[in-house]
Amino acid sequence: MSDALKVLSLLRRRPGLDAAGFSLHWRTTHKEHALTLVRAGFFRGYVQNHAHETQPEGLESAADGMPELWIDDLSALERLAASREYCEGAGPDEANFVQPPVLSCIARERVLTGLRHADLPAGAVKLILLAMRPPGRPPARFEAGWLAGEDGWWAPAHAPLRLTRQVAVETGTPSPFDGADCSWWPDAAAAQQAWRAAAAHARRIAGPLRGLLVIEDVVLPPST
């Protein structure tokens with residue numbers, strides 16, 4: 001498991017802005033602002049996750065888009081938020097396409113199986129599933145089982161190209177979810193088929209799930 005922390009955020013598009021306009025602004029104008037933060041060295045990795053045009057049946061939508069940032073530690077995030085690059089660029093630009101508040105989870109990540117991120121084939125899609133810790137399950141037990149992938153959602157017949165798990169760390173601020181499961185698939189049809197096979201079991205293990213099928217825009221490749 002990497003020493004770096006990962007920030008996963010839930011973006012909802014601004015009222016009056018359609019999905020295409022939201023994605024376009026994020027991919028262009030906002031990405032240019034984000035690149036100033038990349039050049040300033042605040043990130044180890046930065047990925048934009050844009051909602052796919054088709055979504056898994058029966059999965060509650062978590063957001064219209066989900067950025068992922070890899071950072072060294074919590075102090076790096078504090079420095080980013082106070083930086084001139086953010087305060088004069090990416091920060092105020094969020095109002096042009098995002099509806100506040102932006103909810104974020106700071107997590108530790110473990111790669112469970114599959115290809116390196118850099119080796120994923122062109123056209124691959126990613127399914128992000130978000131879970132809350134089941135009532136009565138101690139945090140340490142949830143974390144250990146979640147990061148080990150003990151639940152076995154993805155059967156051998158529907159093995160993803162790559163699978164990572166994230167678990168929220170304690171920061172003193174409530175997190176919008178306790179665990180995230182990121183799985184990569186050759187295409188949307190394969191992701192949908194795998195989700196249908198895993199959904200009932202996943203809900204029994206982790207309770208109600210939210211998520212999003214996405215297409216990645218890798219701005220700064222993560223080292224994981």
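This is a short walk through one protein chain, taken from a predicted model.

Okay, thanks everyone. Everything I'll say comes from a predicted model, so please keep that in the back of your minds. I'll start with the empty space, then move to a couple of residues, then the helices.

On to cavities. Rolling a probe the size of a water molecule over the atoms shows where empty space is left. How many cavities of 30 Å³ or more do we get here? The count is one, and its volume is about 40 Å³. Who lines that cavity? The lining consists of Lys6, Glu68, Trp70, Glu109, His117, Lys126, Arg162, Thr164, Trp184, Glu216 and Thr224. Break that lining down by class and you get six charged residues, three polar ones and two nonpolar ones. Two strands, β4 (65-71) and β7 (162-168), each put at least two residues into the lining.

Let's zoom in on one of those lining residues, Glu109. You'll find Glu109 in strand β5, which covers residues 98-114. Is Glu109 buried or exposed? Buried: its relative accessible area is 6%, and the cut-off for calling something buried is under 20%. Its side chain makes two polar contacts that I want to point out. One goes to the side chain of Lys6, at 2.8 Å. Another goes to the side chain of Trp70, at 3.0 Å. Lys6 and Trp70 are both on the cavity list too, alongside Glu109.

So, Trp70. This one is in strand β4, and it counts as buried, because its relative accessibility is 6%. Setting aside residues up to four places away in sequence, Trp70 touches Leu5, Lys6, Phe42, Phe43, Arg44, Gly45, Tyr46, Val47, Glu109, Pro222 and Thr224. Take Phe43 from that list: Trp70 and Phe43 are 27 residues apart in sequence, with their C-alpha atoms 5.7 Å apart in space.

Now the largest pocket. Here the volume is about 1,000 Å³. The lining has 40 residues, and those nearest the centre are Val7, Ser9, Ser104, Cys105 and Ile106. As for the chemistry, 27 of the lining residues are nonpolar, seven are charged and six are polar. Plenty of elements chip in: β1 (5-13), α1 (19-39), β4, α2, α3, β5, α4 (139-148) and β7 each supply at least two lining residues. Which element gives the largest share? That's β5, with six residues.

While we're on β5, a backbone detail for anyone setting up a calculation. The peptide bond from Pro100 to Pro101 is cis, with omega near 0 degrees. Pro101 is in strand β5.

Next, helices. Two packed helices are described by the angle between their axes and the distance between the axes. For α2 (residues 74-82) and α3 (residues 84-93), the axes come within 5 Å and cross at roughly 65 degrees. On the α2 side the contact involves Leu80, Ala81 and Ala82, and these meet Arg84, Tyr86 and Cys87 of α3. That contact has five nonpolar residues, one charged and no polar.

Then there's α4. Its buried residues are Phe142, Gly145, Trp146 and Leu147. What do those residues pack against? They pack against β5, β6 (125-131), β7, β8 (179-185) and α5 (188-206). After α4 comes Gly149, which has a positive phi, near 65 degrees.

Last stop, the loop between β2 (45-51) and β3 (60-61), where His52 sits. Glu53 is in that loop as well. Which of these two is buried, and which is exposed? His52 is buried, since its relative accessible area is 15%, under the 20% cut-off. Glu53 is exposed because its relative accessible area is 77%, and the cut-off there is over 50%. Leaving out neighbours within four places in sequence, His52 is in contact with Val125, Ala188, Leu213, Val214 and Ile215. Val214 turns up again with Glu53: their C-alpha atoms are separated by 8.5 Å, although the two residues are 161 residues apart along the chain.

And that's my tour. Happy to pull any of these up on the screen.

How values were computed:
Residues are numbered from 1 along each chain as its sequence is written. This is a predicted model: local features need pLDDT of at least 70, side-chain atom pairs count only at pLDDT 80 or more; totals for chains, interfaces and linings use all residues. Side-chain values use heavy atoms; hydrogens and water are left out. Helices (H or I, at least four residues) and strands (E, at least two) are DSSP runs, numbered from the N terminus. Buried means under 20% relative accessible area, exposed over 50%, partly exposed in between (1.4 Å probe, protein chains only). A polar contact is a pair of N or O atoms within 3.5 Å; within protein, one must be able to donate a hydrogen and the other to accept it, and residues adjacent in sequence count only if both atoms are side-chain atoms. Contact means heavy atoms within 4.5 Å. On a 1 Å grid over the protein atoms alone, a cavity is a set of points where a 1.4 Å probe fits but cannot get out, and a pocket is an open set with protein on both sides within 12 Å along at least five of seven lines; lining residues have an atom within 4 Å of a point. Grid points are joined across faces, edges and corners, and a volume is the space filled by probe spheres set on the points. Ala, Val, Leu, Ile, Met, Phe, Trp, Tyr, Cys and Pro count as nonpolar, Asp, Glu, Lys and Arg as charged, and the others, Gly among them, as polar. Axes are lines fitted to C-alpha atoms, for helices over the stretch in contact, and angles run from 0 to 180 degrees between N-to-C directions.
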